[in-house]
Amino acid sequence: MANDLEFVGAKGMKVAFIGSECYPFIKTGGLGDVMYALPRALLRQGCEVRVILPCYRCIPEKYRERMTYVGSFGMNLTSDGRSFYVGIMELELDGVTYDFIDNRDFFDWGNPYTGLWEDIPKYCYFSKASLAALNFLEWIPDVIHCHDWQAALVPVYLRTLFDVTPVGSARSVLTIHNLRFQGICSIEHLKYWTGLPDFLFNYPVFKVNDHEANMFKGGLAYADRITTVSSTYAGEIQTDFYGEGLNSHLWYHRAKLIGIVNGIDIDIWNSRTDKLLPVPYGEENVLKAKRENKKALQTRLGLTVDENKLVIGLISRLTDQKGLDLIDAVFTQMVDENVQVVILGTGDPRYENAFRYYENTFKGQVCAYIKYDESLAHQIYAGSDALLVPSLFEPCGLTQLIAMRYGTVPIVRETGGLKDTVEPYNEYTGEGNGFTFDQYRADLLLDAVRRAERVYFEERSRWDAIVTRDMEKDVSWEHSADLYLKLYGELKG
Ligand code: ADP
């Protein structure tokens with residue numbers, strides 16, 4: 001592979017990442033993890049990387065005070081030529097340069113995402129300002145790698161208003177992390193806030209019907225390459241069921257679409273060095289250490305302390321996407337005197353309240369921790385025996401990867417990245433990484449949980465072998481970073 005990369009001239013390649021969130025500054029889901037980990041993996045491969053992000057007010061003070069002011073300029077944005085301030089604040093972390101686009105009108109709200117009406121202008125501004133900032137910094141990348149709908153206008157701006165500026169020499173990659181969110185609004189609203197010419201508001205680019213325009217659609221049309229975060233999801237989104245209305249558009253552009261599965265940052269997610277764990281561990285002492293971590297978790301969460309219970313974790317945004325209606329449908333059958341369930345997540349009040357209800361009903365057996373809590377997430381990954389991910393759709397999914405790295409056996413639905421990363425347990429050969437089910441049905445989820453229970457309680461040596469195998473599985477970024485580099489190299493030509 002190393003020779004391939006040299007051949008395509010990937011070493012020393014300059015890559016700009018543009019996206020709306022990035023750990024440790026701001027993270028609401030897997031996108032934040034990818035924006036953190038992939039640039040680092042590319043850096044290790046010899047690339048020069050810059051990450052461009054909005055300078056949200058909610059970025060923790062400890063990072064804000066380390067930022068330095070690099071410069072500022074005015075930028076025309078809207079169709080009536082209103083000019084907006086663009087400040088650039090910079091910070092370097094472990095060799096990666098982060099440039100934060102600063103404008104208090106757009107980014108002073110409490111959360112990154114506040115509602116589409118405000119978010120559309122915010123990300124029109126952000127996309128255009130990111131390209132203008134690269135010109136201002138005189139840092140011209142070979143490839144601009146944009147992420148999700150919030151940065152989807154970048155490829156469109158790049159080939160139109162910025163085509164004859166220095167940054168216009170760059171090629172673009174647009175990654176779909178989640179197609180459900182697309183940035184759809186009225187044609188007038190988008191025309192006004194982008195300041196883009198009328199000819200783009202046609203069906204092949206932005207237009208979706210007589211009244212509405214779609215930012216993601218335009219970006220997909222204009223990007224030089226489209227990637228998504230697993231091969232299975234790349235196929236799924238070309239179908240009616242998963243395509244979120246863009247399936248025909250994606251099918252049309254399929255020649256430039258590929259799936260590259262995500263990894264996880266194995267330094268952050270390292271059970272040997274994880275300071276958040278009561279008992280850190282490696283493959284050699286996983287079985288004993290997990291029992292200790294389980295007891296610490298049960299104690300912390302007020303569950304009956306008993307290392308013999310099967311503890312099933314769920315760490316998730318509480319939305320329809322995550323298959324929570326299936327869990328809800330069979331919850332009372334899933335929990336019994338041998339099984340405990342630990343839920344960590346926030347989101348739709350319907351699910352938050354359902355899980356609170358179960359906690360109340362099954363005292364000592366169920367804990368619903370309705371918060372976003374990084375440290376508890378680490379302890380659940382380490383202290384649970386199994387992790388549930390029964391998603392309706394899952395572009396890649398990181399929780400099953402983290403779970404495996406921590407020796408926690410995933411129970412997943414075979415969709416998107418879950419299908420690509422969890423090999424189903426085969427009861428005849430004993431091989432596999434986790435327990436899976438295919439159709440979106442609650443009885444099949446329950447069946448998968450029952451199969452897991454059976455192996456856990458009746459064939460413990462086989463269960464233990466799955467645990468060890470999961471810990472040994474390569475879930476790092478290295479292989480995927482190689483594939484991205486190859487893609488960038490092809491674009492650079
Ligand atoms: P998505 O991006 O769809 O939310 P992923 O599985 O790709 O799902 O990524 C979820 C990430 O967010 C994982 O790193 C997971 O540990 C983390 N996470 C989700 N909910 C919480 C929570 N309530 N507290 C802490 N971490 C969470």
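**Exercise 1.** In this predicted model, determine whether F25 and F100 are buried or exposed, and classify the geometry of their ring pair.

*Solution.* Step 1: F25 is buried, and F100 is buried as well.
Step 2: The structure contains 34 aromatic pairs. One of them joins F25 and F100, with 5.1 Å from centre to centre and 85° between the planes. Planes over 60 degrees apart count as edge-to-face, and the pair of F25 and F100 is accordingly edge-to-face.
Step 3: Along the chain, F25 belongs to the loop between β1 (14-18) and α2 (30-44), whereas F100 belongs to strand β5 (residues 96-102). The two residues are 75 residues apart, and the pair links distant parts of the chain.

**Exercise 2.** Explain why the pair of Y157 and F162 is classed as it is, and state why Y157 counts as buried or exposed.

*Solution.* Step 1: The ring centres of Y157 and F162 lie 6.3 Å apart, and rings pair if their centres lie within 6.5 Å.
Step 2: The planes of Y157 and F162 stand at 85°, so this pair is edge-to-face.
Step 3: Y157 counts as buried because its relative accessibility is 0%. F162, with a relative accessible area of 8%, is also buried.

**Exercise 3.** Identify the residues that ring pairs link into a cluster, and state which residue lies over the face of W251.

*Solution.* Step 1: The cluster consists of Y56, F84, F106, F107, Y113, Y123, Y125, F126, W149, Y192 and W193.
Step 2: R254 lies over the face of W251, 3.8 Å from the ring centre.
Step 3: R460 places its charged end over the ring of Y456, at 3.8 Å from the centre of that ring.

How values were computed. Residues are numbered from 1 along each chain as its sequence is written. This is a predicted model: local features need pLDDT of at least 70, side-chain atom pairs count only at pLDDT 80 or more; totals for chains, interfaces and linings use all residues. Side-chain values use heavy atoms; hydrogens and water are left out. Rings of Phe, Tyr and Trp (its six-membered ring) pair if their centres lie within 6.5 Å; planes under 30 degrees apart count as stacked, over 60 as edge-to-face and the rest as tilted. Helices (H or I, at least four residues) and strands (E, at least two) are DSSP runs, numbered from the N terminus. Buried means under 20% relative accessible area, exposed over 50%, partly exposed in between (1.4 Å probe, protein chains only). A charge sits over a ring if NZ of Lys or CZ of Arg is within 6 Å of the ring centre and within 35 degrees of the ring normal.
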